[in-house]
Amino acid sequence: MLTFIIGSLLLVSPCSIDVIHAASNGKAGTGTLSGLWANVYVGGLTYESSHGWTQSNHSFDITNMTGDDVSYTYEFQHGVWEILKKNNRGKVTQSRFIGESKQFLPRKVGAPTWFDELDGTQGVNCNGQPGGLYWIQAYTSVQASIRGGSLDVKAEEDTEFWIVEDD
């Protein structure tokens with residue numbers, strides 16, 4: 001009975017959400033930053049036709065056991081393109097840029113907590129776009145570089161979705 005109810009709700013839902021994709025990655029720094037670890041995540045790549053917006057969820061956490069304050073940068077990026085042409089292998093060969101949402105900021109991790117984390121949502125307004133096939137590309141990254149050490153970790157994901165024009 002519960003399956004029937006959930007299935008019925010999905011059929012009458014006023015909005016459509018395309019397939020949700022996610023990626024994560026974790027890495028330790030090298031050299032003098034070997035005591036620095038970061039985990040990054042990007043997921044929830046969706047298009048909601050009822051609102052006309054795309055969305056992606058981003059997060060990271062970083063742990064610093066180097067004994068020093070460490071400055072680093074993080075980036076949350078979400079871009080949307082209309083797919084105009086694909087080759088016979090399905091690779092996009094021609095596209096039209098729609099827009100992007102980006103956050104790129106420096107931060108510092110050190111005493112007294114030695115841990116930092118952040119999450120957020122990015123999105124692009126697709127209202128008014130013509131019907132067709134579109135592509136979301138999103139990533140989350142963390143980078144640090146200091147005195148012979150570095151950390152560079154990134155998770156990226158993409159998905160396609162359709163915009164259907166109303167009759």
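## Burial and overall make-up

A residue is called buried when its relative accessible area is under 20%, and exposed when that area is over 50%. In this predicted model, buried residues account for 38% of the 167 residues in the protein. The exposed surface of the protein comes to about 9600 Å², and 52% of that area is supplied by carbon and sulfur atoms.

The secondary structure consists of one helix and eight strands. Read from the N terminus, the order of elements is α-β-β-β-β-β-β-β-β. Among the contacts in the protein with a separation of 6 or more, 69% are between residues 24 or more positions apart.

## The four-stranded sheet

Four strands make up an open sheet in the order E1-E2-E3-E6, and their pairing is antiparallel. Strand E1, residues 22-28, and strand E6, residues 115-122, are the edge strands, each of which pairs on one side only. On average, neighbouring strands of this sheet are turned by 10° against each other, with direction ignored.

Within the sheet order, E3 stands between E2 and E6. Strand E3 covers residues 53-64, and its antiparallel pairing with E6 runs over eight bridges. One residue position to look at here is Ser 56, which stands opposite Gln 122 in E6. Gln 122 is also the residue at which the edge strand E6 (115-122) ends.

## The E7-E8 hairpin

Strand E7 spans residues 132-146 and strand E8 spans residues 149-163; the two pair in the antiparallel sense over 15 bridges. As an example of the register, Thr 140 has Ala 155 in E8 as its bridge partner. E7 and E8 form a hairpin, with two residues between them.

## Arg 147 in the turn

Arg 147 lies in the loop between E7 and E8. The backbone at Arg 147 has a phi near 30°, which is a positive value in a residue other than glycine.

Is Arg 147 buried or exposed? Its relative accessibility is 55%. Because the exposed class begins over 50%, Arg 147 counts as exposed. The turn of the hairpin thus holds a residue with a positive phi of about 30°, and this residue, Arg 147, is exposed at 55% relative accessibility.

Methods
Residues are numbered from 1 along each chain as its sequence is written. This is a predicted model: local features need pLDDT of at least 70, side-chain atom pairs count only at pLDDT 80 or more; totals for chains, interfaces and linings use all residues. Side-chain values use heavy atoms; hydrogens and water are left out. Two strands pair if DSSP finds at least two bridges between them. Axes are lines fitted to C-alpha atoms, for helices over the stretch in contact, and angles run from 0 to 180 degrees between N-to-C directions. Buried means under 20% relative accessible area, exposed over 50%, partly exposed in between (1.4 Å probe, protein chains only). Contact means heavy atoms within 4.5 Å. Accessible areas come from the Shrake-Rupley method with a 1.4 Å probe; for residues, only the protein chains shown count as cover.
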